[in-house]
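Here's a walk through one protein model, written for someone who likes to know the cut-offs. Have the viewer open as you read.

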Amino acid sequence: MSSLIRHITVDCADAFSLASWWAEVLDGKLADDDNPGDPEALVTTPTATLLFVRVEDARSVKNRVHWDLQPQDRSRDAEVDRLLALGAKIQGDHRRPDGTGWVTLTDPEGNEFCVERSAEERAAQ
């Protein structure tokens, strides 16, 4: 049998704070034993387990890997608005006049991720 991905690990400055933010974004759950100041924090979602690990090195370049989010119960634009209200920032807006495209955002520590159109929006075009 081949290997399986157990969780996706994100290096960060504040594991608990960033994990809490992503738990809210993804409707996930922090591990019961995670607390502010912990060096690691684990978020479980219906589709992935994310491990946030505090590192001393500051982020210095663009992510080599990033997440593409697809809203399940709202439009791409409504999801972008929700994430901005949670503290995300727009890094690049790639929406096109015909409704296609995506938006690249950054989380509170500057990690890039994209928000694509929902399945419903894709099916409509």
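What follows goes from the overall fold to the strands, the core and a few single residues.

First, the ground rules. This is a predicted model, so to speak of local features a pLDDT of at least 70 is needed, side-chain atom pairs count only at pLDDT 80 or more, and totals for chains, interfaces and linings use all residues. Residues are numbered from 1 along each chain as its sequence is written, and side-chain values use heavy atoms, with hydrogens and water left out.

**Overall fold**

The protein chain has three helices and eight strands; these are DSSP runs, H or I of at least four residues for helices and E of at least two for strands, numbered from the N terminus. Read from the N terminus, the order is β-α-β-β-β-β-α-β-β-β-α. The C-alpha trace spans about 45 × 35 × 30 Å along its principal axes. The radius of gyration, taken over C-alpha atoms, is compared with a globule rule of 2.2 Å times the number of residues to the power 0.38. For 125 residues a compact globule would come out near 14 Å, and the chain's 15 Å agrees with that. Contact means heavy atoms within 4.5 Å; among contacts between residues at least 6 apart in sequence, 51% join residues at least 24 apart.

Buried residues (under 20% relative accessible area, with exposed over 50% and partly exposed in between, using a 1.4 Å probe on protein chains only) make up 34% of the 125.

**Strands**

Two strands pair if DSSP finds at least two bridges between them. One open sheet has four strands in the order β1-β4-β3-β2, with mixed pairing. Its edge strands are β1 and β2 (29-30), each pairing on one side only. β1 and β4 run parallel over five bridges, and Cys12 has Arg54 as its bridge partner in β4.

Elsewhere, β7 (residues 103-106) is joined by four bridges to antiparallel β6 (residues 89-93), and by four more bridges to β8 (residues 112-115), also antiparallel. Lys89 sits opposite Thr106, while Leu105 partners Phe113 in β8. Val103 and Leu105 point one way from β7, Thr104 and Thr106 the other, and all are buried. The β7-β8 hairpin has five residues between its strands, and Gly110 there takes a positive phi near 90 degrees.

**Core**

A nonpolar core is a set of buried Ala, Val, Leu, Ile, Met, Phe, Trp, Tyr and Cys residues joined through side-chain atoms within 4.5 Å. The largest one has 23 residues, and those with the most contacts inside it are Trp22, Val43, Phe52, Leu83, Leu105 and Phe113. Helix α1 gives the largest share, eight residues. Phe113 also touches residues far along the chain list, including Trp21, Trp22, Leu83 and Leu105.

**Some buried residues**

| Residue | Relative accessible area |
|---|---|
| Cys12 | 3% |
| Glu79 | 5% |
| Cys114 | 7% |

Glu79 lies in helix α2 (residues 76-86). Its side chain makes a 2.8 Å polar contact with that of Arg82; such a contact is a pair of N or O atoms within 3.5 Å, where within protein one must be able to donate a hydrogen and the other to accept it, and residues adjacent in sequence count only if both atoms are side-chain atoms. Not counting residues up to four places away, Glu79 touches Val25, Pro71, Arg74 and Val115.The whole structure has zero disulfides, a disulfide being a pair of cysteine sulfur atoms within 2.5 Å. The sulfur of Cys114 is 20 Å from that of Cys12, too far for a bond.
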